[in-house]
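Hi,

Here is the structure I promised to pass on. Have a look at it first, and then read on for my notes.

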Amino acid sequence: MLGLLLCCTLSTAWSFQAVEVKGKVTSEDGVALPGVIILEKDTNNGTVSDIDGNYTISIASPESVLVFSLIGFGKQEVTVGNQSSIDITLAESEELLDEIVVVGYGEQKKLNLTGAVQTLKFDDAVNTPVTNSAQLMYGKFSGVQLTQSTGLPGSDGSAITIRGIGTFGGTNPLVVIDNIQYEGLAEFNNLAPSDIESISVLKDASASAIYGARGANGVLVVTTKKGTKGKFSVDYNAFTGFQRVTVVPEYLDAVNYATLFNERTLNVNGPDAPLRYSEADIEAIRTGSNPDQFANTNWAQIALRDAPIQNHYLSASGGTDRMTYRLSLGYLNQEAVVQGKFKSDRVNLGINLNANPNDWLTITNVTNAYWSRFMGPAGGADAITGEVGIINQFQRSAPTVPVYYQNGEFGIVDGAYENVNFSFPINNLLLTGSRGDYSRDNINISERIGLTAKLAEGLFFETSGSAIINFANISNFNPRLTTRDWEGNVVNQNDLNSLSNNLNFNYRLLNENILRYTTTILGKHNLGFLVGHSVIYDKVDGFNGSLQGFPSDAIQEFDGGGVLNPMVSGGASEEAWQSFFARVNYNYEERYLFEANVRRDGSSKFGGNNRYGTFPSLSAGWNIARESFLENSSFLSDLKLRASWGLSGNDRIGNYIFEQTYNTGLDYHLGQDVIVPGVALTSLANPFITWETIEQFDIGADIALLDNRLNITADYFKRVSSDILYTNFPIPSSIGVTNLAAQNAAGMENSGIELTLNYRETLGKLTMNLSANVTKMADNEVTDLGPGGEETISGQTIIRIGVPFNAYYGYQVEGVFQTQEEVDAAPQQFGNNQTAPGDLRYADLSGPDGEPDGVIDAFDRTVIGNPFPKWIYGFNANLQYSGFDLSVVFQGVGRIDRILADNGQQPMPGDRNNALSYWIGRWTPENPSETLPRLGGVNNTVTSSFYVQDMSYLRLRNIELGYTFPSELSKVALMKRARIFVSGQNLLTFTKVENFDPERQRGGGTDLTTPLYKVISAGVNLKF
């Protein structure tokens, strides 16, 4: 519609009377300036001054405004009026130095920053089509690792880690949106991306210490867009597109599956074992002559699909001299790339009001709210993940089972179902994705009202009250189920339906009071003071209920007649914090810089004697470029050295650890029918528990060259954590408790180097902005476990002094046994005699005495992988030329490990497992592979280096091509601006990983989550 309207009015637009303007652009010292961009404001009509500074431009009318700009010089705007010749003198600009950066509890000139702060600002003309706000950060920040762990709609937000980790507990940064503080990333990920004006990352202690313990993992400070005085505008942004999984895993087809499964049977049960599939069965698969019993189904391709996505966003803003306003409404609809009922809807509401009823009072009101709804079959997200989830069926469902039988029933068993070596019924993934009903509603409202009063010149008092209200309601209905084979015979029957409801209500109240004072003494000494007080109260209240035996699957409410097995449970928890904080800023002629912060935090999670902790920070900077010996440098535009030190705390631990608690539900049975309720002490409290402490150091440099066209920022940081809470201490059985509350015992160390480059240039009509960043990380090394503290081995990971936190732990594979002689000469594997040629060969590294002992057992386990990246990097390019704009974002990580062993990577370990297609190359006597073991070996599935993969990757995170129509066309359509664009996310990934996407969280079972997706979309940005 838009394109048709613009095209139909093209001839009318060009018929407007043109006005020609000429002139010359010079610097303050009279030197001609070539390459100056001259634009007719709010249009794409423009030109560039020639080598002598001369220009000529035709404009639409005398009311037009010309904008003159050149990198390194201040921008000027001139209304043409009746002038036909306009000469302009541009003054050298300190735009970059005067850039304002949002920091904790305020703003600072970038010139005067002494902490490690990086800011990303958003032009409201660009609407990057993403589903959550964290995706805007990929590749843009040094030292920041983002990881999207799932492609499930409504849950596809990315985890954020700033400069590695410094604690054994939660690693999320503090998020501050419009001065409202949040725990976790949900509110940030669900914020409408088009509402965001800037994102600042506070990395070091000097920048984040003003938030005390809550800023121990770094801070994200987000500001949303506001209205502008005297300027009313309406913006509409929209995109629509489709999602497709980035990688579709390849499994054995039915012929190879049947053949290899027979081989596995002989390897496990001996040469006389009955085979599951006969030669006739395999021939039926090959020819397709009996599709009900012996099909050839690719379950991964059946389960995964292209899914639609659309987003609409509308905002209105404006204001007067006394009040500005901005209202926005957004809608996101996203379906899953997995077959089934899975889909998510989100509605966003934003309100930003600023009023100045008089010259000394400012009133602000900010509302950020969203309502998200995720819908799916019974189980919700668990219908995709988990043991019986859809993704796990890629390898647990035999490809010999059809999707549907010819009688219309879902395929459940194949023709070997009743053999001696029988096949197993499958969980047909299409049935899983369609049966039952699940809904999860989340309503989140964040509200802040603030008052700022000017008490005297430079003296301001601010008070604010914030409330975060979150309501979640989950309904899960599991209907009756009967499955049948191809003849209609019942395979499985469950006549008991069930309904469960979960209600959760959480609210957080925040009050802050701040006094600020700024002054300048003798025109050279600039001072700033801030003191404040903050209190937070948080409460969570939840209720769960379930009921079975409903007379109908159509009525999915508790009053629908269910009578069996009623169950209810519920609980509540409270937390509170009180804080006092202060900051002092000083600079001498913006040359010598100093800042000090201190915060005293009190937390309800600690006992009375340890409730408060004090966390100071110091930082200093030297703007060397402002020294007289560099003031006239033609090459160096800016040079600042800075250093910081600080302490921050961490209280992200469980509640009530300092108080003795008792477990309920430990009832006594007195006689046959007498049950007496009982409670027992099962865990010892720790009344001495106190704050974790994180000490941080940072040395950095900010350099600007070539008239501020090239900017370089470099930082070295080190973080040392102490008094980390740790729980693995031996407990004598005579005490009668099962565990000991955490103790402040452990330590960790982390360091790294960050480098960010940014280059801006104008070449004729081409404007480009290129940036790159790279971070080299040291290991998140555990340095202490406390007196008596023992290593913690949990599944595939270990907490051990001297190695990365939660490093992957298992056996080191040396190769594959090729002959029985090699087996006989090697250390005994795991105390059994089942090792044979074709099995993995493990290294004998240790024994009970710490030396190799000729036996492979638990003593031989070692660190086999690092779950944290050594390298984080990104590259961004933004180009503009005659109305066209192109943006490209690359992002990657290097030298990061993950264990993948849960979805076809093992050599058919069970009686129902399929395997990935590369197992065609497994070891056999005829194919003595040196990389893949034989099928079914009893020792081949233990956690080992065989399953560790290097997940390094470089990804084209986003590419977007847009075109802004000439203003003549836009104005005819009653618009100030009209832009169309096409965009792609995750289109290319360069990695050695096969079958699965390399981007995934730490932990096990990550290959069972909803696959990540790529997106191709098209959209519009309209301004009225």
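Below is what I found, going from the core to one helix, one arginine and a sheet.

First, the ground rules: this is a predicted model, so local features need pLDDT of at least 70 and side-chain atom pairs count only at pLDDT 80 or more, while totals for chains, interfaces and linings use all residues. Residues are numbered from 1 along each chain as its sequence is written, and side-chain values use heavy atoms, with hydrogens and water left out.

The largest nonpolar core has 57 residues. By that I mean buried Ala, Val, Leu, Ile, Met, Phe, Trp, Tyr and Cys residues joined through side-chain atoms within 4.5 Å; buried is under 20% relative accessible area, exposed over 50%, and partly exposed in between (1.4 Å probe, protein chains only). Tyr277, Val338, Phe342, Phe394 and Met908 touch the most other members. Elements giving two or more residues include helix 5 (254-269), helix 6 (279-287) and strand 18 (307-319), and helix 5 has the largest share, at six residues. (Helices, H or I with at least four residues, and strands, E with at least two, are DSSP runs numbered from the N terminus.) There is also a second, separate core of 24 residues, with Val130, Phe141, Tyr182 and Ile468 among them.

Now zoom in on helix 6. Asp281, Ile282, Ala284 and Ile285 are its buried residues. They fall within an arc of 155° seen down the axis (taking directions from the helix axis to the C-beta atoms), so they line one face of the helix. Glu279, Ala280 and Arg286 are exposed on the other side. Helix 5 is part of what covers the buried residues, and Gly288, just after helix 6, has a positive phi of about 75°.

Arg305 is worth a click too: you'll find it in the loop between helix 7 and strand 18. Its side chain makes a polar contact of 3.1 Å with that of Glu335, and also reaches the backbone oxygen of Ala336 at 3.0 Å. (A polar contact is a pair of N or O atoms within 3.5 Å; within protein, one must be able to donate a hydrogen and the other to accept it, and residues adjacent in sequence count only if both atoms are side-chain atoms.)

Last, the sheet: three strands make an open one in the order 4-1-7, with mixed pairing. Pairing needs at least two DSSP bridges between two strands. Strand 1 (residues 19-27) runs parallel to strand 7 over three bridges, and Thr26 has Thr89 as its bridge partner there.

Cheers

Conventions
Contact = heavy atoms within 4.5 Å.
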